[in-house]
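Student: I am new to this structure. Please pick one pocket and take me through it closely, then show me how the other spaces and strands compare in description.

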Amino acid sequence: MLPLKFAIAMFLVVLIGNSVVAEDPYRYFDWNVTYGTIYPLGVPQQGILINGQFPGPDINSVTNDNLVINIHNSLDEPFLLSWNGVQNRRNSFVDGVYGTTCPIPPGRNNTFNLQVKDQIGSFYYFPSLAFHKAAGGFGGIRILSRPRIPVPFPDPANDYTILIGDWYKKNHTDLKTILDGGRKLPFPDGILINGRGPNGVTFTVDQGKTYRLRISNVGLQNSLNFRVEGHKMTLVEVEGTHTLQTTYSSLDVHVGQSYSVLITANQEAKDHYIVVSSRFTTPVLTTTAVLHYSSSNTPVSGPPPGGPTIQIDWSLNQARSIRTNLSASGPRPNPQGSYHYGMINTTKTIRLASSAGQVNGKQRYAVNSVSFVPLDTPLKLLDYFKIGGFRVGSIPDSPTGGGIYQDTSVLGVDYRKFIEIIFENNEDIVQSWHLDGYSFWVVGMDGGQWTQASRNGYNLRDAVSRCTTQVYPKSWTAIYIALDNVGMWNLRTEFWARQYLGQQLYVRVYTDSTSLRDEYPIPRGARLCGKVANRHTRPL
């Protein structure tokens with residue numbers, strides 16, 4: 001018996017040892033969120049800083065890393081960060097929007113445990129409450145491939161995060177007061193690049209070397225065009241998907257979107273403009289940064305190069321040219337094209353149309369005529385503790401054509417189904433839509449009204465998979481989604497004033513057979529609030 005007992009004991013030791021070795025790495029972050037005076041457009045205003053930085057520090061990680069982020073709220077109001085593009089698989093409790101996560105009260109802290117499971121790519125984080133996004137508090141997220149997973153381009157000489165966005169000189173509290181009063185915001189005052197105004201930031205390069213630029217539009221409403229004077233850009237990644245390596249002279253980055261490009265320092269060794277300008281606006285806002293060759297003694301001079309302004313077709317054609325690199329590996333070694341999304345039959349079609357109007361004399365925005373209003377408790381927690389207070393199906397799954405009314409919009413969909421969503425834009429502006437917890441295939445976009453015949457033009461082979469897509473004026477965009485991530489997920493416009501005033505909803509991905517194998521329980525020690533404030537972090 002002793003040899004048998006010894007063999008069993010040794011097996012258990014090896015098993016436990018392997019499980020420890022196999023555990024994914026942990027990365028720890030300790031952040032203090034404060035107010036501070038900033039001067040991005042030359043006038044003092046109140047900004048939101050993270051560890052004294054504006055923008056905040058980058059999160060650098062590798063596929064499957066566990067991120068432990070301890071956030072101290074030193075503001076005088078509740079605060080919450082969300083992780084744009086991080087899927088938080090099986091764990092919408094930590095998504096960081098008010099429908100899923102309790103805010104951090106002033107003077108308190110909260111620890112978020114995220115895992116970047118089966119993800120690569122370029123994303124960003126941002127403050128999700130109280131129009132804080134207009135004050136800063138955002139930063140870049142980069143998820144590198146694991147060392148053994150091939151990447152379809154050589155390692156760059158350096159890797160730069162570039163956060164671009166429109167900006168107001170008014171404090172976020174003043175902007176929030178305008179919205180709370182039922183009025184529209186004025187036109188933005190300028191554009192920032194990494195929190196700075198014209199020529200306020202410099203990126204240094206060496207002659208002949210290639211660099212990766214991770215560009216995210218963290219602004220409040222405007223599509224922006226990005227270009228580098230005299231240099232071509234090769235697109236290599238979009239929100240976690242390696243793309244066909246198409247070359248562009250300039251790139252439209254719609255609000256909420258992220259792109260990775262490669263540029264090679266192969267021009268005259270002098271300083272060159274990096275230019276960002278607004279699209280589809282009158283007037284056109286423009287700002288610049290500097291691409292500095294390390295051997296250069298020649299500063300930038302003259303006017304920065306112009307770019308596209310109001311041309312919709314130009315932007316639409318560029319969007320259609322962005323496609324998945326089917327032979328490249330994603331976060332796993334198998335090629336991205338091994339999942340044949342175009343051969344799967346959809347089980348449901350959902351049509352979502354945005355609209356603007358007034359309710360009780362105040363400006364509101366809606367989806368399928370429903371303008372979202374939050375409850376006093378995150379929806380995910382009400383659902384988890386089986387308290388109720390909201391109705392799944394409180395928003396129709398197609399436009400009604402009726403007037404705007406207010407409700408807490410929750411759309412129910414079945415876990416493990418494969419569905420089609422059509423975003424319909426009957427307005428005169430570019431819309432930008434984001435879904436937390438997921439990436440989706442952008443299979444089609446075009447002008448006019450969507451019909452079933454529109455499916456004949458879908459890209460069912462190499463459509464790009466991403467988490468934020470644009471919808472052009474008087475146009476539609478179609479996406480396919482594999483509903484493989486249980487939870488309560490925010491679907492919203494990235495036009496932040498419209499989101500604040502109702503153009504959002506929550507998608508409840510669930511079935512009656514969903515179990516703990518499909519969704520993690522609420523994290524131990526998670527902050528509870530509202531109607532669940534006195535509950536334990538396990539349901540009774």
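Tutor: Start with the residue classes. Ala, Val, Leu, Ile, Met, Phe, Trp, Tyr, Cys and Pro count as nonpolar; Asp, Glu, Lys and Arg count as charged; the others, Gly among them, count as polar. Keep in mind that this is a predicted model.

Now take the second largest pocket. Its lining has 15 nonpolar, 11 polar and seven charged residues. The space in this pocket is about 590 Å³. In total, 33 residues line it. Nearest its centre lie Asn 91, Val 94, Asn 113, Leu 114 and Pro 523. Which strands each supply at least two residues of this lining? They are strand E4 (66-73) and strand E6 (109-115). E6 gives the largest share, seven residues.

Look at how those two strands sit together. E4 and E6 run antiparallel and are joined by seven bridges. One pair to find is Ile 71 with its bridge partner in E6, Asn 110. Both strands belong to an open sheet of four strands. The order is E2-E1-E4-E6, and the pairing is mixed. Strand E2 (45-50) and E6 are the edges, each with a single partner strand, so one side of each has no neighbour in the sheet. From one strand to the next, the twist averages 20°. To sum up this part, E6 is an edge strand of its sheet, and E6 also gives the second largest pocket the largest share of its lining.

Next, the largest pocket. It holds about 960 Å³ of space. Its lining counts 35 residues. Those nearest the centre are Pro 331, Gln 336, Tyr 339, Trp 441 and Ser 465. By class, the lining has 13 nonpolar, 14 polar and eight charged residues.

Pockets are open; cavities are closed off from a probe. There are five cavities of 30 Å³ or more. The largest has a volume of about 70 Å³. It is lined by 13 residues, and Phe 138, Gly 165, Asp 166, Trp 167 and Val 218 are the closest to its centre. Strand E9 (residues 158-167) provides the largest share of that lining, five residues. By class, the lining splits into seven nonpolar, four polar and two charged residues.

Stay with E9 for a moment. Thr 161 lies in this strand. Is Thr 161 buried or exposed? Thr 161 counts as buried because its relative accessible area is 14%, and buried means under 20%. The side chain of Thr 161 also makes a polar contact, at 2.8 Å, with the side chain of Arg 142.

Now the second largest cavity. About 50 Å³ of space lies in it. Among its lining residues are Val 413, Ile 419, Leu 435, Tyr 438, Trp 489 and Val 507. Strand E26 (418-425) and strand E33 (504-509) are the elements that give two or more residues to this lining. What is its make-up by class? The lining has 10 nonpolar, no polar and no charged residues.

E33 takes us to another sheet. Five strands form this open sheet, in the order E25-E33-E32-E27-E30, with mixed pairing. Its edges are strand E25 (410-413) and strand E30 (468-471), and each pairs on one side only. Neighbouring strands here are turned by 20° against each other on average, direction ignored. At one end of the order, strand E27 (residues 431-435) pairs with E30 in the antiparallel sense over four bridges. Ser 432 has Gln 470 as its bridge partner in E30.

Last, visit strand E18 (residues 258-264). Six of its seven residues are buried, so this strand is mostly covered. Strand E12 (residues 210-217) pairs with E18 in the antiparallel sense, over seven bridges. There, Tyr 211 has Ile 263 as its bridge partner. Strand E14 (residues 233-238) also pairs with E18 in the antiparallel sense, over four bridges. In that pairing, Leu 235 has Val 261 of E18 as its bridge partner.

Methods:
Residues are numbered from 1 along each chain as its sequence is written. This is a predicted model: local features need pLDDT of at least 70, side-chain atom pairs count only at pLDDT 80 or more; totals for chains, interfaces and linings use all residues. Side-chain values use heavy atoms; hydrogens and water are left out. Buried means under 20% relative accessible area, exposed over 50%, partly exposed in between (1.4 Å probe, protein chains only). Two strands pair if DSSP finds at least two bridges between them. Axes are lines fitted to C-alpha atoms, for helices over the stretch in contact, and angles run from 0 to 180 degrees between N-to-C directions. On a 1 Å grid over the protein atoms alone, a cavity is a set of points where a 1.4 Å probe fits but cannot get out, and a pocket is an open set with protein on both sides within 12 Å along at least five of seven lines; lining residues have an atom within 4 Å of a point. Grid points are joined across faces, edges and corners, and a volume is the space filled by probe spheres set on the points. A polar contact is a pair of N or O atoms within 3.5 Å; within protein, one must be able to donate a hydrogen and the other to accept it, and residues adjacent in sequence count only if both atoms are side-chain atoms.
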